[in-house]
Amino acid sequence: MSSTSLASGIVNVTDACRACDHCVSVCPTGAISGRLGQQHKIDHKKCINCGQCLINCPFEAIGDASMVDQVKKGLKDPSKVVVVQEAPAVRVALGEEFGLPTGTNVKGKMFASLRRLGFKQVYDTEFTADLTIMEEGTELIHRVYKAVGVAGNEQSGPLPQFTSCCPAWIKYAENNYPAILPYLSSAKSPQQMFGAVAKTYAAQKLNVRPADMVVVSVMPCTAKKFECDRPEFTASGFQDVDYVITTRELAGMIKDAGIDFVNLSDEEADRLIGSSTGAATIFGVTGGVMEAALRTAYEILSGQKLNKVEFEAVRGFKSVRDATVTIPVKDLGITLPVNVCIVTGTKNVIPVVEDVLSGKSAYHFIEVMNCPGGCVNGGGQPIRRDA
Ligand code: SF4
């Protein structure tokens, strides 16, 4: 897999292209063009960096811009404290690169290998995915309260609330439906919350200047490389997440370092910002973010536990699914039916967004993930040519 220059976009077509057009069929935004027999090109104004073209190209002719050299340089620099986070979808795919069966959870070996690579603190994005759940769940409550006229919520956003953790979906909305932006949750993604918390709270606790901390993310996602470079993410006064590497790139670093991954003993994440409730483990799968945030909202509003949201056709990965969750609101003495919707695949969001903008939507909370089935099938995951 070739690496390409960041200047020309996160995802690029290389000269191995045989113009088979397969990438055109999986691109959610129509960003790829070219005739048969002619090397294809990506229009970076339309591209949302999701990498679906990359993992589906039969000739491995599409590459993503690599930050691996910068990570290695940081690890060798004694003046830097390099810390790392890994998203939930990485641990269930990394093992495939070492011959383990698909879906094997290699969380403990992943933590151990990151320490062998030289990361000073090994954390877990599940910590900030928990924060995302709390933020998005609380924001939803305020938006619902505003809609039913509860005083003190006038500044809240409109309903429905869309999830905001998928950077490909965010870029798609910005490019194509700017009028929908007030409906998106104001919560940062777990990756970016982690960067902000690392360079403020953790840096202070570790007695490290934010300027001397390097935050690296391991993600199943090529669009996260684009997200970390967005200029708004500088809570500490420095870029919150410095570098993103994909699941594939981490596997490459482990192999290059000669680490015997399969025989490593399991280790735990460092605790400072590495522990979590486990509620965010489902974030990598379609429906996971919404279900976790809705559980929080349900618990706060009703004072009871919601164990599971029963979605229509929950199995089968239908691209648009919905459900109604009835929430008894203790403080108001009323019962609210909350209509939720899950969209997987950005193309499929178009009618949902258009219904919202034309005032026809009955939904209150909508999750959008660009990749089919969610981040487990992201553009940074292992490529299976046998699938
Ligand atoms: Fe990245 Fe997940 Fe969105 Fe795919 S669904 S673009 S992997 S955040």
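These legends accompany close-up views of a predicted model.

**View 1. The ligand and its shell.**
Start here to meet the residues around the bound molecule. Surrounding the ligand are Cys166, Pro167, Ala168, Cys221, Met369, Asn370, Cys371, Cys375 and Gly378. By class, this shell consists of 7 nonpolar and 2 polar residues, with no charged ones. As for its location, the ligand sits in the largest cavity.

**View 2. The largest cavity and its lining.**
Now step back to take in the space that holds the ligand. The structure contains 4 cavities of 30 Å³ or more, and the largest cavity encloses about 320 Å³. Its lining is made up of 27 residues, of which Cys165, Pro220, Lys224, Phe283 and Cys375 come closest to the centre. Cys375 is thus worth finding in both views: this residue is part of the ligand's surroundings and is also among those closest to the cavity centre. Helix 4 (88-91), helix 7 (167-176), helix 8 (190-206) and strand 12 are the elements that each contribute two or more residues to the lining. Strand 12 provides the largest share, with 3 residues. Sorted by class, the lining of the largest cavity comprises 18 nonpolar, 7 polar and 2 charged residues.

**View 3. Where two domains share a cavity.**
This view places the largest cavity in its domain setting. Both domain 2 (68-128 + 189-277) and domain 3 (131-186 + 279-376) supply lining residues, so the largest cavity lies between them.

**View 4. The open sheet that includes strand 12.**
Here you can follow strand 12 into its sheet. An open sheet of 4 strands runs in the order 7-12-11-10, with mixed pairing. Its edges are strand 7 (161-162) and strand 10 (320-329), each of which pairs on one side only. Strand 11 (residues 334-344) and strand 12 (residues 365-369) are joined in the parallel sense over 5 bridges. Look for Thr344, which stands opposite Met369 in strand 12. Met369 will be familiar from the first view, as one of the residues surrounding the ligand.

**View 5. The second largest cavity.**
The last view turns to another enclosed space, the second largest cavity, with a volume of about 100 Å³. This cavity is lined by 15 residues, and those closest to its centre are Cys27, Pro28, Cys47, Cys50 and Cys53. The class breakdown of its lining is 11 nonpolar and 4 polar residues, with no charged ones.

Methods
Residues are numbered from 1 along each chain as its sequence is written. This is a predicted model: local features need pLDDT of at least 70, side-chain atom pairs count only at pLDDT 80 or more; totals for chains, interfaces and linings use all residues. Side-chain values use heavy atoms; hydrogens and water are left out. A residue is near a molecule or strand if one of its heavy atoms lies within 4 Å of it. On a 1 Å grid over the protein atoms alone, a cavity is a set of points where a 1.4 Å probe fits but cannot get out, and a pocket is an open set with protein on both sides within 12 Å along at least five of seven lines; lining residues have an atom within 4 Å of a point. A molecule sits in a cavity or pocket if more than half of its atoms lie within 2 Å of its grid points. Ala, Val, Leu, Ile, Met, Phe, Trp, Tyr, Cys and Pro count as nonpolar, Asp, Glu, Lys and Arg as charged, and the others, Gly among them, as polar. Two strands pair if DSSP finds at least two bridges between them. Grid points are joined across faces, edges and corners, and a volume is the space filled by probe spheres set on the points. Domain bounds come from an automatic or database domain assignment.
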